[in-house]
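Reader: I am new to this structure and should be grateful for a close look at one part of it, the place where the opening helix meets its partner. Please describe that part with its surroundings in one connected account.

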Amino acid sequence: MIHELLLALNGCHGDVFVCNKDTGMIEVVDELPFIHPSEVQLLNKICRLGTYYQRLHLFVEKQQTAENGLYIKALANGVDEILNAYRQTLLRVEEEVLFMHTVFTLQPSLRVTIHVIHKCVCVVTLVNLFEEMHIG
């Protein structure tokens with residue numbers, strides 16, 4: 001399930017994590033028998049990052065093809081640099097999980113947690129800024 005979660009954090013949905021049509025948020029499919037309701041709540045909170053990533057990534061793609069001013073393009077380039085660092089963090093997490101050869105639990109190692117939290121703070125901060133400015 002770690003691979004599905006990493007894909008969700010990268011803004012992709014599938015069989016376990018889907019896009020809620022009402023909210024637009026990536027969430028766990030309702031009533032999966034192998035996931036406890038408390039885990040569903042935790043995973044849904046984690047998946048918010050995937051939704052935020054997806055929104056920011058769409059903004060960057062839109063600005064690369066649009067004929068906007070220099071400041072908006074510079075903003076999009078800066079956002080893309082932060083998103084690239086976030087993507088690299090997801091890759092490191094996947095590599096570490098594969099290296100450990102263990103079954104994934106919801107208690108990752110401290111090092112992985114620190115990597116993810118640092119990058120997530122940047123992504124969430126950007127989303128909050130964009131919402132305040134009504135961008136995207």
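**The contact between α1 and α2**

Author: In this contact, Leu5, Ala8 and Leu9 of α1 meet a set of residues in α2, namely Leu43, Ile46, Cys47, Leu49, Gly50 and Tyr53. Sorted by class, the contact of α1 with α2 comprises eight nonpolar residues, one polar residue and no charged residues. The model described here is a predicted one.

As for geometry, helix α1 covers residues 2-9 and helix α2 covers residues 37-65. The two helices pack at an angle of about 45°, and their axes lie 7 Å apart. Because an angle of about 45° falls outside the ranges for roughly parallel, roughly perpendicular and roughly antiparallel, α1 is oblique to α2.

The setting of this part within the chain may be given next. The protein chain holds four helices and two strands, and its elements follow the order α-β-β-α-α-α from the N terminus on. Of the 136 residues in the protein chain, 29% are buried. Among contacts in the protein chain with a separation of 6 or more, 58% join residues that are 24 or more positions apart.

One residue of strand β1 belongs to the picture of the two helices. Phe17 is placed in strand β1, which comprises residues 17-19. With a relative accessibility of 1%, Phe17 counts as buried, because buried means under 20%. Neighbours within four places in sequence aside, Phe17 touches Met1, Glu4, Leu5, Ala8, Ile26, Glu27, Val28, Val29, Leu43 and Cys47. Among these partners of Phe17 are Leu5, Ala8, Leu43 and Cys47, and these four residues also take part in the meeting of α1 with α2. Phe17 and Asn44 are 27 residues apart in sequence, while their C-alpha atoms lie 8.9 Å apart in space.

Just before strand β1, Val16 lies in the loop between α1 and β1. Val16 has a relative accessibility of 12% and therefore counts as buried. Apart from neighbours within four places in sequence, Val16 is in contact with Met1, Glu4, Glu27, Val28, Val29, Leu32 and Ile35. Val16 and Asp30 are separated by 14 residues in sequence and by 9.0 Å in space, C-alpha to C-alpha.

The loop between β2 (26-28) and α2 contains Glu31. Although Glu31 is not a glycine, its phi is positive, at about 60°. Glu31 counts as exposed, with 78% relative accessibility, whereas Val16 counts as buried.

The cysteines deserve a separate remark. Cys47, one of the α2 residues in the contact with α1, is buried, with a relative accessible area of 0%. Cys12 is partly exposed, with a relative accessible area of 36%. A disulfide is a covalent bond between the sulfur atoms of two cysteines. A search of the whole structure finds zero disulfides.

Further along α2, Gln63 is also found in that helix. At 7% relative accessibility, Gln63 counts as buried. Beyond its neighbours within four places in sequence, Gln63 is in contact with Asn68, Ile72, Lys73 and Ala76. Leu75 has its place in helix α3, residues 70-100. With 26% relative accessibility, Leu75 counts as partly exposed. Leu75 and Gln63 are twelve residues apart in sequence, and the distance between their C-alpha atoms is 9.2 Å.

Finally, the confidence of the prediction should be stated. The protein chain has a mean pLDDT of 80, and 79% of its residues reach 70 or more. Over residues 103-110 the pLDDT is below 50, and this stretch has seven contacts in the model beyond near neighbours in sequence.

To return to the part requested, α1 and α2 pack at about 45°, through a contact with eight nonpolar residues, one polar residue and no charged ones. Phe17 of strand β1 is in contact with residues of this meeting, including Leu5 and Leu43.

Methods
Residues are numbered from 1 along each chain as its sequence is written. This is a predicted model: local features need pLDDT of at least 70, side-chain atom pairs count only at pLDDT 80 or more; totals for chains, interfaces and linings use all residues. Side-chain values use heavy atoms; hydrogens and water are left out. Axes are lines fitted to C-alpha atoms, for helices over the stretch in contact, and angles run from 0 to 180 degrees between N-to-C directions. Angles under 35 degrees count as roughly parallel, over 145 as roughly antiparallel, 65 to 115 as roughly perpendicular and the rest as oblique. Contact means heavy atoms within 4.5 Å. Ala, Val, Leu, Ile, Met, Phe, Trp, Tyr, Cys and Pro count as nonpolar, Asp, Glu, Lys and Arg as charged, and the others, Gly among them, as polar. A disulfide is a pair of cysteine sulfur atoms within 2.5 Å. Buried means under 20% relative accessible area, exposed over 50%, partly exposed in between (1.4 Å probe, protein chains only). pLDDT is the predictor's confidence in each residue, from 0 to 100.
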